[in-house]
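This report walks through selected features of one model, moving from a strand in the interior to ionic pairs and then to the contacts between chains.

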There are 4 protein chains.
Amino acid sequence: MIFLNCDYNEGVHPKILERIVETNDSQQLGYGYDDYSENARRLIKKAIGRGDDVDVYLTVGGTPTNVLVLSHVLKPFEAIIAADSAHINTHEAGSVEARGHKILATPVKDGKLLASDVKKVVDDLRREPKGHVVEPRVVYISNPTELGTLYTEAELRELYAYCKSINLYLYMDGARLGYGLTAEDNDLDLPKISHLTDAFYIGCTKCGAICGEAVVLINDDFKENFFQSIKQAGQLLAKGRLLGTQLETLFTDDLYFKICKNGNDLALKVREFLKSKGVKFMVETSTNQQFPILKDEVVEKIKDDFTLDYTKRIDEESSVYRICTSWATKEENIDKLIEALDALL
Amino acid sequence: MIFLNCDYNEGVHPKILERIVETNDSQQLGYGYDDYSENARRLIKKAIGRGDDVDVYLTVGGTPTNVLVLSHVLKPFEAIIAADSAHINTHEAGSVEARGHKILATPVKDGKLLASDVKKVVDDLRREPKGHVVEPRVVYISNPTELGTLYTEAELRELYAYCKSINLYLYMDGARLGYGLTAEDNDLDLPKISHLTDAFYIGCTKCGAICGEAVVLINDDFKENFFQSIKQAGQLLAKGRLLGTQLETLFTDDLYFKICKNGNDLALKVREFLKSKGVKFMVETSTNQQFPILKDEVVEKIKDDFTLDYTKRIDEESSVYRICTSWATKEENIDKLIEALDALL
Amino acid sequence: MIFLNCDYNEGVHPKILERIVETNDSQQLGYGYDDYSENARRLIKKAIGRGDDVDVYLTVGGTPTNVLVLSHVLKPFEAIIAADSAHINTHEAGSVEARGHKILATPVKDGKLLASDVKKVVDDLRREPKGHVVEPRVVYISNPTELGTLYTEAELRELYAYCKSINLYLYMDGARLGYGLTAEDNDLDLPKISHLTDAFYIGCTKCGAICGEAVVLINDDFKENFFQSIKQAGQLLAKGRLLGTQLETLFTDDLYFKICKNGNDLALKVREFLKSKGVKFMVETSTNQQFPILKDEVVEKIKDDFTLDYTKRIDEESSVYRICTSWATKEENIDKLIEALDALL
Amino acid sequence: MIFLNCDYNEGVHPKILERIVETNDSQQLGYGYDDYSENARRLIKKAIGRGDDVDVYLTVGGTPTNVLVLSHVLKPFEAIIAADSAHINTHEAGSVEARGHKILATPVKDGKLLASDVKKVVDDLRREPKGHVVEPRVVYISNPTELGTLYTEAELRELYAYCKSINLYLYMDGARLGYGLTAEDNDLDLPKISHLTDAFYIGCTKCGAICGEAVVLINDDFKENFFQSIKQAGQLLAKGRLLGTQLETLFTDDLYFKICKNGNDLALKVREFLKSKGVKFMVETSTNQQFPILKDEVVEKIKDDFTLDYTKRIDEESSVYRICTSWATKEENIDKLIEALDALL
């Protein structure tokens, strides 16, 4: 079986595994005070082009990282504005609400929440009697979005400027940031993002690690006592070395970016093939997730060899399926998929 | 100034006030153990046609009553299905989320969440991988709805049957229940509601009291330790006699129903007048809230004499305004409004 | 039966009731925007000797007022230092924890948490690895305490100075403040308290009202968006006039202070009588709660005529009982109690 | 530097590392549906001597595992009874309270909460007016305790029987369970524990893994929708294989027990040496944590070579220090410590 349904089907990049093995015998302090975590934080700051004016923390997984950043910075009556397709709204089992905060879920186009979308939410709330409605405080976006689409620098700049103009924080979920920053039509990079958000995280579990994310806090309002929020969110790994060794390896010699490009390249190979066959897509994306509209019978015929991810029904005989590549996807497997589909389309 | 913007502009019904005065000198136990609260609970059970198989509690206000019922019965990952216009979703400052629960806000027609609406939400969630999404557990409705519309017995019966078929609780917010049950096209009553919901509250603050609601718990799952949830929700009044004296008066000689009818009668008088002038309405309702679409300049011209409630914009020159009558509205004031508008429409 | 077990056995002061009656017919805005609430806030600021540099809000009850102030100002990992006998720790059904915060309950003498007590808690926490322990942030005291004891100005000054020196907030629960400020050995007043705390509330339910408390916010950190926290705590009364009419009356012509003195005077009358009989007390207090150690058989013999409150067991035949007087207690009833006990002691 | 301050200074057991390496290239499902997690759950059930009547889940770390079990099963007004030295009370940064629950912290002897301790707490609460106090619902213990002490089978049996008699759940935190079950004076085992608790977790991070714990749910009340609580607690590892490969290795050929014994053996070697020198201990324990009372100047003199953990001050010149061994501690390092101390004691 070839799994193409998710970015979590693979183990860890061989270079990282090597680093875990070679450091295993050393004694280290716990809770992120180990040498490797220290080095990882240093390398990540360097990759962002920032120094000690930003704080970097290593956490275990994406969902709890979102929850911890949001619950750290919000008061109980403050809310998050997000796309209705946002991960925090759809696939986190109500974790953000469980920590006390409303998500103002907003219908958007192609998964991207733009300045104009946020403005509409805020304006609607401002027409209500204050005190009966929540106070919007954080704008949550992901880049790439849940649909694989990307923010342009201009869009992000406009969104951030609007947020600043009315005292909102902008937070970016970068679960798949490696794929976003290596996409062919991307014009952002880590330094730019660090000047256009208040906080973001660099996703590593989907980008070469077996677990681990790097939270970057830029706005001082996020920094005080963040360690306690990590603890409360279940993200303080006792043996923090597991995160440190992984992330120092990913941020040495640009490994993070080099390996993510593979996911995009193979996704585009599938995309171009499908387009040549006249297949339509739910959304246009240049990153590692592709959302073609396929006949259910076609997917049925290949299902013993290839696992795709059902996304949503289009009509009686067709649905959107997600084909998800990653840093670890083998080109030969993609070629096999293309071959199999070529006979059916 | 004549206020018609809200159901909260009035004091308390004279008969209730008389009762508060006449009982003021007696010494009573606190926290709802006073004689009047005991009597009120007994009278309310009688009005519902039920005995000790239902529990009745007296609480202070509507929003916290919703919060307390929902937080009492839900686990942290369990969610509430509600109309997107629902009071808990729009006008409770995120109180339900502050206690840990997601509201699955659903677009509906005329404020009414029907069995088919709930089924759609549930079916969509069931297609997702369990564990990544919230678990729907309570269906929240209000009757009358936020838009003044009413559930028919058939609709409520179908909704309740659907809820039971998939193990959901049905909770009814009855903030304006008195107006609902005395509307000309209503076919529900308290006994029927007690067999078609798991819990509901009978709103009294909008229906003659200065504060106070009566929560009715029918399903045994809601009953255990409910007193603690009342305490936690800030609804355990130290001098519970204030609630007891009011509610025993309202449920003596059907006062609750007799006085609410006045709100509906005057609302219909306004409605018929406006219809005769060709005015359109956002929604058709027979209860104490009317939502005509009026030219802004018309409302502007009467604003020194009458306060209406702006609801939403229709076009450049017209908006929906809420005209809200109540048990205390004087017919002479409605006649003045009609006279004033007659000259302008 | 004469109730002396609690401060909640009485109705409302006649002057307040008169005011409720005389204003009942006027139409007013809801949610605290009525004329009476506006006037009450003005009069309370005047009583404190402060102007618009402090914010005053009217709330319904004591427990939820504590919860709302604390949950408004605390982050999820921030904790409250309080006496182990504190109301928030013992008699609020876990409401503070339900909103997410740990109470660091500290054993103290006579219910009073002094600067040295707080210092010990803080020093102990500071020896722990930061991030694994909560962050202390608010010191909660009540005055009078749960045991009826009073802070001297010197003690409060020292406590406040210590709090400021290490960036803690000081919050005073004034549920029985009226009795405290009119006690014979009191040297505090409202203006002094407003310079020696960051926030406090003036309890009125125990001091003449049927419900209602006045929250005073002094430190600017407490002020922003407090209205939303009131809403979330279930303390935003729809018909805020009920609070406004009561509190404006209490703070007109010093009624609040004049009536509370009665509670203290009668408590001292009981105290002096019991002392003359050689009865010992659990704690020495000059306010409306007295805690004599009585033989259980004595209390048993008077129990058909007088309800006292069992506090705790001392030995096989004796217990501490609370005798609680109030603004409404009649001297003739106290005389009857003395007479009854005189025959038995 | 030789670290003896903590059980988190080491990497992962070589056999586990080998398993991680050898399985790295296989494609697997995410979120715990991988083959290795499946196998680990099977092996753990076997080790407990139970079948599908118990549920086993793999989680990442100890603190969030406690939080998730407790928050899963408790209503907002329900509380946990625990020793005041309990990890949830002292070193989890208020995580349990952040999810809404009060901990009733109880002073106990040697870290062990016995049936009589729980009874006292419950009896005290039952004397209070119901509704104003929290409802005790879960008893939390750890075995070994925070002080390294062990429950005997008789003590656990009595505690569990008491809990059942008054409808309390008993939950055991087994962060160091491997050391407990291999201690020389232990008379418990996994099967017995599974019949004397409602839920417990088998700690692996301290016992050979780099991260990972196994939660065992015995009482059916804990089982429904536990997966969502894992997600909400930040414990649902996307690449669950990391936990699966580790725990299947630990529970193959009794590796878990074989390696933990080393920690105890070396702890006893230190203990016997210190006793022979007349050193006193804060508490008597046969597990991997020893708490000798040492002169501060002695610890100061060895601090460039050995890191111990300061626990608490005894007098001006002496303190309790924790010496913590583990599965990975080398006997040669313990010999070096003994040699160094031998010259100073």
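A residue is taken as buried when its relative accessible area is under 20% and as exposed when that area is over 50%, with partly exposed residues in between. The model is a predicted one, and local features are described only where pLDDT is at least 70.

**A strand enclosed in chain D**

With that cut-off in hand, strand E8 of chain D, which spans residues 213–217, can be described as largely enclosed by the rest of the structure, because five of its five residues are buried. In which directions do the residues of E8(D) point? Glu213(D), Val215(D) and Leu217(D) point one way, whereas Ala214(D) and Val216(D) point the other way, and all of them are buried. In a regular strand, the side chains alternate between the two faces of the sheet.

The neighbours of E8(D) in the sheet can be named as well. Strand E2 of chain D, residues 55–59, runs antiparallel to E8(D) and is joined to it by five bridges. Strand E7 of chain D, residues 199–203, is likewise antiparallel to E8(D), again with five bridges between the two strands. Ala214(D) can be placed with respect to both neighbours: Leu58(D) stands opposite Ala214(D), and Ala214(D) is also the bridge partner of Ile202(D).

**Salt bridges**

How many salt bridges does a search of the whole structure find over all chains? The search finds 120, and three of the pairs are set out below with the distance from nitrogen to oxygen and the accessibility of each partner.

| Pair | N to O distance | Relative accessible area, basic partner | Relative accessible area, acidic partner |
|---|---|---|---|
| Arg19(C) and Glu22(C) | 2.6 Å | Arg19(C), 23% | Glu22(C), 52% |
| Lys223(C) and Asp220(C) | 2.8 Å | Lys223(C), 15% | Asp220(C), 55% |
| Lys120(D) and Asp124(D) | 2.9 Å | Lys120(D), 52% | Asp124(D), 32% |

Two of these pairs can be placed within helices. Glu22(C) and Arg19(C) both belong to helix H1 of chain C, residues 14–23, where they lie three residues apart, or about one turn of the helix. In helix H6 of chain D, residues 115–126, Lys120(D) and Asp124(D) are four residues apart, so about one helical turn separates them.

The partners can also be classed by their accessibility. In the pair from H1 of chain C, Glu22(C) is exposed, while Arg19(C) is partly exposed. In the pair from H6 of chain D, Lys120(D) counts as exposed and Asp124(D) as partly exposed. The remaining pair in the table joins a buried residue to an exposed one: Lys223(C) counts as buried because its relative accessibility of 15% falls under the 20% cut-off, whereas Asp220(C), at 55%, is exposed.

Salt bridges can also be linked to one another. In chain A, Glu184(A), Arg271(A), Glu272(A), Lys275(A) and Glu284(A) are connected in a network of such bridges.

**The contact between chains D and A**

Chain D and chain A each give 46 residues to their contact, and together they bury about 3,800 Å², of which 57% is on carbon and sulfur atoms. Across this interface there are zero salt bridges, but 26 residue pairs are in polar contact, with both residues at pLDDT 80 or more. On the side of chain D that touches chain A, the elements giving two or more residues are strand E1 (2–3) and helices H1 (14–22), H3 (62–73), H5 (95–98), H10 (226–232) and H11 (241–250) of chain D. That side of chain D is made up, by class, of 22 nonpolar, 17 polar and seven charged residues.

**The contact between chains C and B**

Here the contact takes 46 residues from chain C and 47 residues from chain B, and the two chains bury about 3,800 Å² between them, with 57% of that area on carbon and sulfur atoms. Which three residues supply more of the area that chain C buries against chain B than any other three? They are Tyr8(C), Gln27(C) and Lys239(C), which supply 20% of that area. Between chain C and chain B the count is zero salt bridges, alongside 26 residue pairs in polar contact, both residues being at pLDDT 80 or more. Among the elements that give two or more residues to the side of chain C that touches chain B are H1, helix H3 (62–73) and helix H11 (241–250) of chain C. By class, this side of chain C has 22 nonpolar, 17 polar and seven charged residues.

How values were computed:
Residues are numbered from 1 along each chain as its sequence is written. Chains are lettered from A and ligands numbered from 1 in the order in which they are written. Side-chain values use heavy atoms; hydrogens and water are left out. Buried means under 20% relative accessible area, exposed over 50%, partly exposed in between (1.4 Å probe, protein chains only). Two strands pair if DSSP finds at least two bridges between them. A salt bridge is a side-chain nitrogen of Lys or Arg within 4 Å of a carboxyl oxygen of Asp or Glu. Contact means heavy atoms within 4.5 Å. Buried area is the accessible area (1.4 Å probe) that two parts lose on being put together, summed over both. A polar contact is a pair of N or O atoms within 3.5 Å; within protein, one must be able to donate a hydrogen and the other to accept it, and residues adjacent in sequence count only if both atoms are side-chain atoms. Ala, Val, Leu, Ile, Met, Phe, Trp, Tyr, Cys and Pro count as nonpolar, Asp, Glu, Lys and Arg as charged, and the others, Gly among them, as polar.
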